[in-house]
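Grab a coffee and work through a few short exercises on the structure shown here. Try each task before you read its solution.

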Amino acid sequence: MFAMQYSHRLPADYDMQTIRQRAARRGPLWDDTEGLAFKAIVAQERGRHGATGHLYASVYLWLDSAAAVRFLMGERFQSVIDSFGRPRVETWLPLDARAGTDSAQHAHSLLREERVLDAAMDRTAFQATEAEGNRERAVRPDTVAVWTALDLASWRLVRFTLSTRAPAHVDGATTYEVLHLAKPGIGRLE
């Protein structure tokens, strides 16, 4: 598996309806993408749910890293570059990923939580604890999916939770509104 996100900061006066229309038009093109667990097309609007500015982003969990490479080197990513410029792509190694009890439902929010890992920690025990935490989150009635990933450049754990709940500000986390969720491979997660 392979996880990634790229984001585009937008001007304060940007018409976010344009982004919503783009997501509605382009999102379904991902609904049957081979090698993809899911792609969340998300946004933040300044002044809503703790957002300080407008942002448009794509968050991916790939089942097959070769499929991610094909995307990044192909026409679909060129379309992103042509529309918004070449973004910085954050990449992570997934540690654990689970479909939730509501995996067939429409996600309304994505929560991104991060924490720095202590160099002296027992990494094996930590990974087991995180997997158990994901199992607990996955059975919540509003969870569509939950996954944790390791950022090797900064030794951070990043947890994403897709939920049927409406976006809401959570202290210490980043909240996004889900505009479209393509989930062709979500059934292959635990």
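Three exercises follow, each with a worked solution.

This is a predicted model, where local features need pLDDT of at least 70, side-chain atom pairs count only at pLDDT 80 or more, and totals for chains, interfaces and linings use all residues. Residues are numbered from 1 along each chain as its sequence is written, and side-chain values use heavy atoms, with hydrogens and water left out.

**Exercise 1.** Work out whether Ala 107 is buried or exposed.

*Solution.* Start with the location: Ala 107 sits in the loop between strand S4 (89–99) and strand S5 (109–116); strands are DSSP runs of E, at least two residues, numbered from the N terminus. Next, the relative accessible area of Ala 107 is 0%. Buried means under 20% and exposed over 50%, with a 1.4 Å probe and protein chains only, so Ala 107 is buried.

**Exercise 2.** Find which side chain makes a polar contact with that of Arg 112.

*Solution.* First, place Arg 112 in strand S5. Arg 112 is buried too, at 6% relative accessible area. Now look for N or O atoms within 3.5 Å, one able to donate a hydrogen and the other to accept it; residues adjacent in sequence count only if both atoms are side-chain atoms. The partner is Glu 114, at 2.8 Å.

**Exercise 3.** Say how many residues the largest nonpolar core has.

*Solution.* Collect buried Ala, Val, Leu, Ile, Met, Phe, Trp, Tyr and Cys residues joined through side-chain atoms within 4.5 Å. The largest such set has 27 residues, and Leu 110 is among those with the most contacts inside it. A separate core has 13 residues, including Tyr 60 and Phe 77.

Note on methods:
Helices (H or I, at least four residues) and strands (E, at least two) are DSSP runs, numbered from the N terminus.
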